Each structure stands twice: as C-alpha cells, then as structure tokens.
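Dear colleague,

I am passing on the structure we spoke of, together with some notes on what was found in it. Please look it over before you read on.

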Amino acid sequence: MAPLLLTLIELIRQLMEAQVIRRMEAEALSDQDLERAADSLQKLEAQVVQLCEIFEIDPADLNVDLGEIGTLLPANGYYPGKTSAKPTVLELLDRLLHTGVVLEGDLDLGLAQLNLIHAKLRLVLTSRPITP
C-alpha cells in the first residue's frame, strides 16, 4: 500500500510543481509566494524520499510503467509547456489542468433493479481561477 500512496503523492507533487512553474513564468506569483511554494515543494520531495527509505522503496519505482499508455512520470524530469513524442500521464494531466476540461455525467446507484440514487455531475477541472 505504501508504494501506491507514495506514487500518488509524487504525481500530485510534480503536478503542483508544474503549476508553480507556469504561474512563475506568467508572473502571477509574488516573490514571497514563489519562495513559499518552492520551499514547500522541496520539503514535500524530501519527505517522499524519507518515506521511501523507511519503506525500503527505490524512488525510481514510483514511476509506474502503464504498458501501452507509457509511464506515469517522465524519466528525465518535466518542464511544463515542452511537448514530447510520447507524453507521460503527468504531462497529460498538466496539459488538462492548464487548458481546463469539463466532465459531465449521470450516476445511478441501485439495488435489486431499483434506481435508488440519481446524481447529475458536472466537474470543472482547471488550474485557472473560475469566475462566476
């Protein structure tokens, strides 16, 4: 369970790092905000490495190979905005967050052929502020 959790944490950490870089390049962060973000990302990375040592996990093993889909994380690091011939899941998620996506759907939960719960879902996923 620990490798799966650490893999998810590392994916999220790298996604946040990509968003910090994008905002830095757009000059949307103050120097203080940038310093706090960089410090937090460094501390989180150090904690992931420390937890890998505790659970005897090679940090390279956090980059899961998903077969035909490719790897979860880039082998040589990732810089947002650069495209690669075979993007990783991290790169695809970063592009989705940067561009934005709306997911809609219906969910029916039932029992014994009875629809008991019906939900209409709309999810807006973006790294940009949403204004009403």
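Which side chain meets that of Glu104 in a salt bridge? Please bear in mind throughout that this is a predicted model. The partner is Arg122, and the two side chains meet at 3.1 Å, N to O. Because Glu104 belongs to strand β1 (residues 101–111) and Arg122 to strand β2 (residues 114–125), the pair ties together parts that are 18 residues apart in sequence. With a relative accessibility of 58%, Glu104 counts as exposed, and Arg122 is likewise exposed, its relative accessible area being 61%.

The structure holds seven salt bridges, and some of these share partners, joining Glu10, Arg13 and Glu17 into one network. In the network, the side chain of Arg13 meets that of Glu10 at 2.8 Å, N to O, and it also meets the side chain of Glu17, again at 2.8 Å, N to O. Glu10 and Arg13 are three residues apart in helix α1, so about one helical turn separates them, while Arg13 and Glu17, both in helix α1 as well, are four residues apart, about one turn of the helix. As for accessibility, Arg13 counts as buried at 4% and Glu10 counts as buried at 10%, whereas Glu17, with a relative accessible area of 30%, is partly exposed.

Turning to the nonpolar residues, the largest nonpolar core has nine of them, namely Leu11, Leu15, Ala18, Leu72, Leu73, Tyr78, Val89, Leu90 and Leu97. The elements that contribute two or more residues to this core are α1 (2–25) and α3 (89–99). If neighbours within four places in sequence are left aside, Leu11 is in contact with Leu72, Leu73 and Leu90, and also with Leu93. There is, in addition, a second and separate core of six residues, which includes Leu6, Val48, Ile57 and Leu62.

One further residue of helix α1 may interest you, namely Thr7. Is Thr7 buried or exposed? Its relative accessible area is 8%, and because buried means under 20%, Thr7 counts as buried. Not counting residues up to four places away in sequence, Thr7 touches Leu62, Val64 and Leu72. Of these contacts, Leu72 is one of the residues of the largest nonpolar core, and Leu62 is among those of the second core.

With best wishes

Methods: Residues are numbered from 1 along each chain as its sequence is written. This is a predicted model: local features need pLDDT of at least 70, side-chain atom pairs count only at pLDDT 80 or more; totals for chains, interfaces and linings use all residues. Side-chain values use heavy atoms; hydrogens and water are left out. A nonpolar core is a set of buried Ala, Val, Leu, Ile, Met, Phe, Trp, Tyr and Cys residues joined through side-chain atoms within 4.5 Å. Buried means under 20% relative accessible area, exposed over 50%, partly exposed in between (1.4 Å probe, protein chains only). Contact means heavy atoms within 4.5 Å. A salt bridge is a side-chain nitrogen of Lys or Arg within 4 Å of a carboxyl oxygen of Asp or Glu.
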